[in-house]
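Work through these exercises with the sequence and the 3D view open. Try each task before reading its solution.

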Amino acid sequence: MLVITRREGEEVVIGDPSNPIGVVRIASVKGDRVRLAMDFPREIEVHRREIADQILTEKPTVLGKIQPE
């Protein structure tokens with residue numbers, strides 16, 4: 001795990017700096033809360049950890065089965 005110290009308004013570039021996958025910016029810091037602004041292409045999914053874990057543990061909903069003829 002990489003740990004980086006950044007101040008409000010500073011950014012972290014993800015991927016090749018000349019053509020980054022995305023950018024994470026420290027939007028604000030208030031007390032023990034940090035707001036992040038993330039700029040990624042729409043096709044890249046970004047989730048909070050608790051949502052990512054929920055996606056992994058949920059079983060896909062089966063809408064129907066294909067019956068052989």
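## Exercise 1: The nonpolar patch

Strand E3, residues 33–39, gives the most to the nonpolar patch, with three residues. The model is a predicted one.

**Task.** State which residues form the nonpolar patch on the surface, and how much accessible area they have together.

**Solution.**
- Step 1. List the members: Ile14, Ile21, Val29, Val34, Leu36, Met38, Ile44 and Val46.
- Step 2. Take their accessible area together, which is about 640 Å².
- Step 3. Place one of the members, Val29. Valine 29 lies in strand E2.
- Step 4. Test valine 29 for exposure. Its relative accessible area is 39%, so valine 29 is partly exposed. Patch members need over 30%.

## Exercise 2: Confidence and layout

**Task.** Find where confidence is lowest and where it is highest in the protein chain. Then give the order of helix and strands along the sequence.

**Solution.**
- Step 1. Start with the whole chain. The average pLDDT is 91, and 100% of the residues score at least 70.
- Step 2. Go to the elements. Helix H1 (residues 49–57) has the lowest confidence, with a mean of 90. Strand E1 (residues 11–14) has the highest, at 97.
- Step 3. Count the elements: one helix and three strands.
- Step 4. Read them along the sequence. The pattern is β-β-β-α.

## Exercise 3: Overall shape

**Task.** Compare the radius of gyration of the protein chain with that of a compact globule of 69 residues.

**Solution.**
- Step 1. Take the reference. A compact globule of 69 residues would have a radius of gyration near 11 Å.
- Step 2. Take the model. The protein chain has 19 Å.
- Step 3. Add the dimensions. The C-alpha trace spans about 60 × 35 × 20 Å along its principal axes.
- Step 4. Check burial. Buried residues make up 9% of the 69 residues.
- Step 5. Check long-range contacts. Among contacts with a separation of 6 or more, residues 24 or more positions apart account for 2%.
- Step 6. Look at the surface. The accessible surface comes to about 7,000 Å², and 52% of it belongs to carbon and sulfur atoms.

## Exercise 4: Two residues of strand E2

**Task.** Decide whether serine 28 is buried or exposed. Do the same for lysine 30.

**Solution.**
- Step 1. Locate both. Serine 28 sits in strand E2 (residues 22–30). Lysine 30 also has its place in strand E2.
- Step 2. Apply the cut-offs: buried is under 20%, exposed is over 50%.
- Step 3. Serine 28 has a relative accessible area of 10%, so serine 28 is buried.
- Step 4. Lysine 30 has 64%, so lysine 30 is exposed.
- Step 5. List the contacts of serine 28, leaving aside neighbours within four places in sequence. They are Glu8, Arg33, Val34 and Arg35.
- Step 6. Add a distance for lysine 30. Glutamate 45 is 15 residues apart from lysine 30 along the chain, and their C-alpha atoms are separated by 27 Å.

## Exercise 5: Valine 12

**Task.** Which residues does valine 12 touch, not counting those up to four places away in sequence?

**Solution.**
- Step 1. Locate valine 12 in strand E1.
- Step 2. Classify it. Valine 12 has a relative accessible area of 23% and is partly exposed.
- Step 3. Name the partners: Ile4, Arg6, Gly22, Val23 and Val24.
- Step 4. Look further along the chain. Valine 12 and methionine 38 are 26 residues apart in sequence, and their C-alpha atoms are 9.7 Å apart in space.

## Exercise 6: Salt bridges

**Task.** How many salt bridges are there? Give the closest N and O distance for the pair of arginine 49 and aspartate 53.

**Solution.**
- Step 1. Recall the principle. Side chains of opposite charge can pair when their charged atoms come close.
- Step 2. Apply the cut-off of within 4 Å. The count comes to three salt bridges.
- Step 3. Arginine 6 pairs with glutamate 10, at 3.5 Å. Arginine 6 is partly exposed at 36%. Glutamate 10 is partly exposed at 25%.
- Step 4. Glutamate 50 pairs with arginine 48, at 2.7 Å. Glutamate 50 is partly exposed at 46%, whereas arginine 48 is exposed at 53%.
- Step 5. Arginine 49 pairs with aspartate 53, at 3.2 Å. These two are four residues apart in helix H1, so about one helical turn separates them.
- Step 6. Classify this pair. Arginine 49 is exposed at 59%. Aspartate 53 is partly exposed at 34%.

Definitions and conventions: Residues are numbered from 1 along each chain as its sequence is written. This is a predicted model: local features need pLDDT of at least 70, side-chain atom pairs count only at pLDDT 80 or more; totals for chains, interfaces and linings use all residues. Side-chain values use heavy atoms; hydrogens and water are left out. pLDDT is the predictor's confidence in each residue, from 0 to 100. Buried means under 20% relative accessible area, exposed over 50%, partly exposed in between (1.4 Å probe, protein chains only). Contact means heavy atoms within 4.5 Å. A salt bridge is a side-chain nitrogen of Lys or Arg within 4 Å of a carboxyl oxygen of Asp or Glu. Patches are made of residues with over 30% relative accessible area and no salt bridge: like charges are joined within 9 Å, nonpolar side chains (Val, Leu, Ile, Met, Phe, Trp, Tyr) within 5 Å. Accessible areas come from the Shrake-Rupley method with a 1.4 Å probe; for residues, only the protein chains shown count as cover. The radius of gyration is taken over C-alpha atoms; the globule rule is 2.2 Å times the number of residues to the power 0.38.
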